[in-house]
Amino acid sequence: MSERASGRILRIAGTVAVIAVGLALRRFGYDLGLPFLVVKYGGSILWGAMVYLALAALLNSTRAVPVIAFAVVIAASVEFSRLYHTPWLNEFRLTNPGALLLGRVFSLWNILAYVAGIVTAAFIDRRLANRRPADPRL
């Protein structure tokens with residue numbers, strides 16, 4: 001398997017893992033006694049990490065900076081979309097998928113949390129990429 005293919009598989013697995021942790025945090029965070037800020041912004045940090053990992057897997061890019069920039073644009077666009085209201089969009093936001101994908105209330109703090117998640121995921125992604133041995137067949 002090529003290094004790019006294995007990198008894509010790891011990023012997809014990372015995306016799935018981050019989604020699972022985010023859903024668990026949302027469902028069990030308060031039951032575990034975690035503070036509001038950890039549950040609220042931890043979820044936003046994980047959402048940003050998920051955007052980066054999904055994009056990095058989709059683009060299968062070895063260059064982090066363009067993926068980071070694109071992920072920040074997507075995350076900020078989703079946050080700013082919360083300022084746009086139509087009946088059908090507001091109804092979708094009231095569903096669980098709508099709340100998880102688009103959120104409900106605009107917050108600049110969320111954008112900062114997304115950026116923190118994106119940068120953290122990119123850092124970990126780069127560290128893991130540097131640890132993988134190069135494919136001698138390339």
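**Exercise 1. Thr15**

Classify Thr15 in this predicted model as buried or exposed from its relative accessibility, then find its helix and the residues it touches beyond its sequence neighbours.

*Solution.*
- Start with the number: Thr15 has a relative accessibility of 10%.
- The cut-off for buried is under 20%, so Thr15 counts as buried.
- Next, place the residue: Thr15 sits in helix α1.
- Finally, collect its partners. Leaving out residues up to four places away in sequence, Thr15 touches Met50, Leu53 and Ala54.
- Helix α2 covers residues 36–59, and that is where to look for these three partners of Thr15.

**Exercise 2. The overall picture**

Describe the fold of the protein: how many helices and strands does it have, what box do its C-alpha atoms fill, and what share of its residues is buried?

*Solution.*
- Count the elements: there are 6 helices and 0 strands. Along the sequence this reads α-α-α-α-α-α.
- For the dimensions, take the principal axes; the C-alpha atoms fill a box of roughly 55 × 35 × 20 Å.
- Of the 138 residues, 38% are buried.
- The protein exposes about 8,600 Å², with carbon and sulfur atoms supplying 73% of that area.
- Now look at how the chain meets itself. Among contacts between residues at least 6 apart in sequence, 66% join residues at least 24 apart.
- One last global property is charge: the protein carries 15 positive and 6 negative charges, and their mean positions are 3 Å apart.

**Exercise 3. A network of charges**

Which residues are joined to Arg11 by salt bridges that share partners, and where do Arg11 and Asp125 lie in the chain?

*Solution.*
- A useful reminder first: side chains of opposite charge can pair when their charged atoms come close.
- The structure holds 4 salt bridges. One of them pairs Arg11 with Asp125, with 3.1 Å between the closest N and O atoms.
- This pair links distant parts of the chain, as Arg11 belongs to helix α1 and Asp125 to helix α6 (residues 108–131), 114 residues apart.
- Check the burial of each partner. Arg11 has a relative accessible area of 6% and is buried; Asp125 is also buried, at 6%.
- Asp125 has another partner, Arg126, with the closest N and O atoms 3.6 Å apart. Arg126 is partly exposed, at 24% relative accessibility.
- Put the bridges together: because they share partners, Arg11, Asp125 and Arg126 form one network.

**Exercise 4. Another salt bridge**

Which residue meets Glu79 in a salt bridge, and is Glu79 buried or exposed?

*Solution.*
- The side chain of Glu79 meets that of Arg82, at an N to O distance of 2.7 Å.
- The distance lies within the 4 Å limit for a salt bridge.
- Glu79 is at 0% relative accessibility, so it counts as buried.
- Arg82, with a relative accessible area of 8%, is buried as well.

**Exercise 5. Leu55 and its surroundings**

Find the helix that holds Leu55, list its contacts beyond its sequence neighbours, and say how far Leu55 is from Asn96 in space.

*Solution.*
- Leu55 belongs to helix α2, and at 5% relative accessibility it is buried.
- Set aside neighbours within four places in sequence. What remains in contact with Leu55 is Asn60, Val67, Phe70, Ala71 and Ile74.
- Now compare separations. Leu55 and Asn96 are 41 residues apart in sequence, and their C-alpha atoms are 23 Å apart in space.

**Exercise 6. A nonpolar patch, and Leu23**

Which residues form the nonpolar surface patch that includes Leu34, and where is Leu34 found?

*Solution.*
- The patch is made of Phe28, Leu32, Leu34 and Val38. Together they have about 360 Å² of accessible area.
- Leu34 is in the loop between α1 (3–28) and α2 (36–59).
- Patch residues need over 30% relative accessible area; Leu34 is partly exposed, at 31%.
- For another leucine, turn to Leu23, a residue of helix α1. Leu23 is partly exposed, with a relative accessible area of 41%.
- Leu23 also shows how to read a pair distance: Leu23 and Gly43 lie 20 residues apart in sequence and 8.2 Å apart in space, C-alpha to C-alpha.

Key
Residues are numbered from 1 along each chain as its sequence is written. This is a predicted model: local features need pLDDT of at least 70, side-chain atom pairs count only at pLDDT 80 or more; totals for chains, interfaces and linings use all residues. Side-chain values use heavy atoms; hydrogens and water are left out. Helices (H or I, at least four residues) and strands (E, at least two) are DSSP runs, numbered from the N terminus. Buried means under 20% relative accessible area, exposed over 50%, partly exposed in between (1.4 Å probe, protein chains only). Contact means heavy atoms within 4.5 Å. Accessible areas come from the Shrake-Rupley method with a 1.4 Å probe; for residues, only the protein chains shown count as cover. Lys and Arg count as positive and Asp and Glu as negative; His and the chain ends are not counted. The place of a charge is taken as NZ of Lys, CZ of Arg, CG of Asp or CD of Glu. Patches are made of residues with over 30% relative accessible area and no salt bridge: like charges are joined within 9 Å, nonpolar side chains (Val, Leu, Ile, Met, Phe, Trp, Tyr) within 5 Å.
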